[in-house]
Amino acid sequence: MSMLKKSLPVVCTLALLVGCTPSRNAARGTGSLIKETVHQVDEAATDPSITFAIKSAMIEDDLVRARDINVDTADGVVTLNGTQPSEAARNRAEQLAWRADGVTRVVNKLTIKP
């Protein structure tokens with residue numbers, strides 16, 4: 001679902017509140033509130049989409065055993081937990097994580113288990 005579709009109900013609700021506000025100054029303040037709310041909705045949607053993109057890339061990769069990796073994302077920071085059969089697979093998993101849009105940091109806690 002696109003960002004616009006997710007934030008539209010929130011924006012419409014806030015727009016209705018602006019229409020009911022008698023003061024012009026209050027309406028101006030509500031515009032800032034709308035921008036902040038849209039930003040928060042955008043941030044909330046980002047982490048799950050990052051996790052999904054990484055897991056999808058891992059599933060498609062021949063070297064990485066995606067089923068043995070847990071991907072957690074919080075504020076763009078991705079943490080990889082689990083096991084991989086080799087150092088090469090561990091490194092590839094990290095590379096795939098870095099390729100996802102919105103990733104700011106990758107914490108690779110994968111261990112080697114042949």
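**Exercise 1. Find what the side chain of Thr 51 makes a polar contact with, and place Thr 51 in the fold.**

Step 1. The side chain of Thr 51 makes a polar contact with the side chain of Thr 73, at 2.6 Å. A polar contact is a pair of N or O atoms within 3.5 Å; within protein, one must be able to donate a hydrogen and the other to accept it, and residues adjacent in sequence count only if both atoms are side-chain atoms.

Step 2. This is a predicted model: local features need pLDDT of at least 70, side-chain atom pairs count only at pLDDT 80 or more, and totals for chains, interfaces and linings use all residues. Residues are numbered from 1 along each chain as its sequence is written, and side-chain values use heavy atoms, with hydrogens and water left out.

Step 3. Thr 51 belongs to helix α2. Helices (H or I, at least four residues) and strands (E, at least two) are DSSP runs, numbered from the N terminus.

Step 4. Beyond residues up to four places away in sequence, Thr 51 touches Val 71, Asp 72 and Thr 73. Contact means heavy atoms within 4.5 Å.

**Exercise 2. Work out the strand order and pairing of the sheet.**

Step 1. Three strands form an open sheet, ordered β1-β2-β3, with mixed pairing. Two strands pair if DSSP finds at least two bridges between them.

Step 2. β1 and β3 are the edge strands, each pairing on one side only.

Step 3. From one strand to the next, the twist averages 10°. Axes are lines fitted to C-alpha atoms, for helices over the stretch in contact, and angles run from 0 to 180 degrees between N-to-C directions.

Step 4. β1 and β2 pair in the antiparallel sense over six bridges. Val 71 stands opposite Leu 80 in β2.

Step 5. β2 and β3 pair in the parallel sense over eight bridges. In β3, Leu 110 is the bridge partner of Gly 82, and Ile 112 is that of Gln 84.

Step 6. Helix α3 (residues 87–99) packs on the sheet and touches β1, β2 and β3. The direction of α3 makes about 160° with that of β3.

**Exercise 3. Describe the turn between β1 and β2.**

Step 1. The two strands form a hairpin with two residues between them.

Step 2. Asp 75 lies in the loop between β1 (69–74) and β2 (77–84). Asp 75 has a positive phi of about 55°, although it is not a glycine.

Step 3. Is Asp 75 buried or exposed? Asp 75 counts as exposed, because its relative accessibility is 65%. Buried means under 20% relative accessible area, exposed over 50%, partly exposed in between (1.4 Å probe, protein chains only).

**Exercise 4. Identify the largest nonpolar core and the elements that feed it.**

Step 1. This core has 16 residues. A nonpolar core is a set of buried Ala, Val, Leu, Ile, Met, Phe, Trp, Tyr and Cys residues joined through side-chain atoms within 4.5 Å.

Step 2. Those with the most contacts inside it are Ile 54, Met 58, Ile 69, Val 78 and Leu 80.

Step 3. Two or more residues come from each of α2 (24–60), β1, β2, α3 and β3.

Step 4. Leaving aside neighbours within four places in sequence, Leu 80 has contacts that include Met 58, Ile 69, Ala 93, Ala 97 and Val 106.

**Exercise 5. Locate Ile 112 and list what it touches.**

Step 1. Ile 112 lies in strand β3 (residues 105–112).

Step 2. Ile 112 is partly exposed, with a relative accessible area of 38%.

Step 3. Not counting residues up to four places away in sequence, Ile 112 touches Gln 84, Pro 85, Ser 86, Glu 87 and Arg 90.

Step 4. Ile 112 and Pro 85 are 27 residues apart in sequence, yet 5.6 Å apart in space, C-alpha to C-alpha.
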